[in-house]
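Consider the charged side chains of this chain and how they pair up. The text below goes through salt bridges and the burial of the residues that form them.

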Amino acid sequence: MEEKKPDLWLVVAILGILIIGIVMVYSSSSIWSDYKFDDPWFYAKRQILFAAAGLVAMFVLSRIPYYVWHAHSKIILIICLVFLVLVLIPGVGMVRGGARSWIGVGMFSIQPSEFMKLGLILFLARFLSERQKRMNSFQQGFLPGLALILFPFALIMLQPDLGTGVVMVGTCLVMMFTAGARIAHFMWIAGAGVAGMIGLIASAPYRIQRITAFLHPWEDPLGAGFQIIQSLYAIGPGGLLGLGLGNSMQKFFYLPEPQTDFIFAVLAEELGFLGGVLVLGLFFILLWRGIRASLLAPDLFGSLLALGIVGMISIQVMINVSVVTGLIPVTGITLPLVSYGGSSLTLTLASLGLLLSVSRFSTK
């Protein structure tokens, strides 16, 4: 296969979002980090370090032919599953926000579920490319693929981390549909999926609180409804051009840890509607060029790998922005490349390195 240069549109979109993200992490976190750590640059410095590591990973992976990972996808998946089990062991996994989702490594921590998303995309791309002719069969194609998805999902739910699990399952189902799974098969599991989601929500009181807070946030403005109310208070005054970079009021201890899940609210407050459109426009370019790379990939493995990566990022963006703007209940999903977070940022950039590798072998 003939190698070409990586897609320049993709590179520009990725770097543009990443730079905006670093600036917004500093702007949104400076007050809180100065109060908590006596260093307004605490989160920003770590984000720059994570971004540097992620960019190195992205560059290296973009230079390695993507098809090399076909043979190694199984061992990668097994390693990711081992870490998902380890994080559930008391004393190994760290509990934050009620979820045992992190493993401490020195001064830093890693989130195995983030690695699992990429590991599963890699292996599922191989699995589906090898079974494409059987994907229209429920027993021989669809059911084994579904079992492959639901096992790591169950491990993630034991943490519990519903948001990450939903992103992972949604991404994999898109890959299965593209590989040839019949719509009728999805209809059969739709009812079971809805019933399962209701059961997962009902099994955890905090999830029920999120639903009620979404429907009636003002019934508990200082409790369950606090985050979404403060988020809308940030977005509203932003107007067309915003209050100016660094001039957010909601980051002054109103919006809890604004550098993570609700960073888009601070961005909209400081940079306004046009700032939000700029960021979403860059994500749209990423989506467009990612789909193009998938369509022009020389083989089905590359096509499904590119689709899975761009699908994972796009689903996460849609969920995060919908939460911040009050369209869906709070899920705990970060905004890719923008929100603060080591595992998420590094793995997203590494994933985009694989996407760039696929684009290098485009048939046009």
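Does aspartate 39 count as buried or exposed, and why? The structure is a predicted model, and in it aspartate 39 has a relative accessibility of 19%. Buried means under 20%, so aspartate 39 counts as buried.

The partner of aspartate 39 is lysine 45: the two form a salt bridge in which the closest N and O atoms are 2.8 Å apart. Lysine 45 has a relative accessibility of 48% and therefore counts as partly exposed. The cut-off for exposed is over 50%.

The salt bridges come to 5 in total. Another one of them joins aspartate 7 to arginine 289, with 2.8 Å between the closest N and O atoms. This pair links distant parts of the chain, since its residues are 282 apart: aspartate 7 sits in the segment before helix 1 (8-37), and arginine 289 belongs to helix 10 (residues 263-295). Both aspartate 7 and arginine 289 are buried.

Helix 10 also takes part in the salt bridge between the side chains of lysine 251 and glutamate 270, where the N to O distance is 3.4 Å. Here too distant parts of the chain are linked: lysine 251 lies in the loop between helix 9 (226-238) and helix 10, while glutamate 270 is in helix 10, and 19 residues separate them. Lysine 251 is buried because its relative accessible area is 4%. Glutamate 270, with a relative accessible area of 1%, is buried as well.

Key
Residues numbered from 1 in each chain as written. Predicted model: local features only at pLDDT ≥ 70, side-chain atom pairs only at ≥ 80, totals over all residues. Heavy atoms only, no water. Salt bridge = Lys/Arg side-chain N within 4 Å of Asp/Glu carboxyl O. Helix = DSSP H or I, 4+ residues; strand = E, 2+ residues; numbered from the N terminus. Buried < 20%, exposed > 50% of the residue type's maximum accessible area, 1.4 Å probe, protein only.
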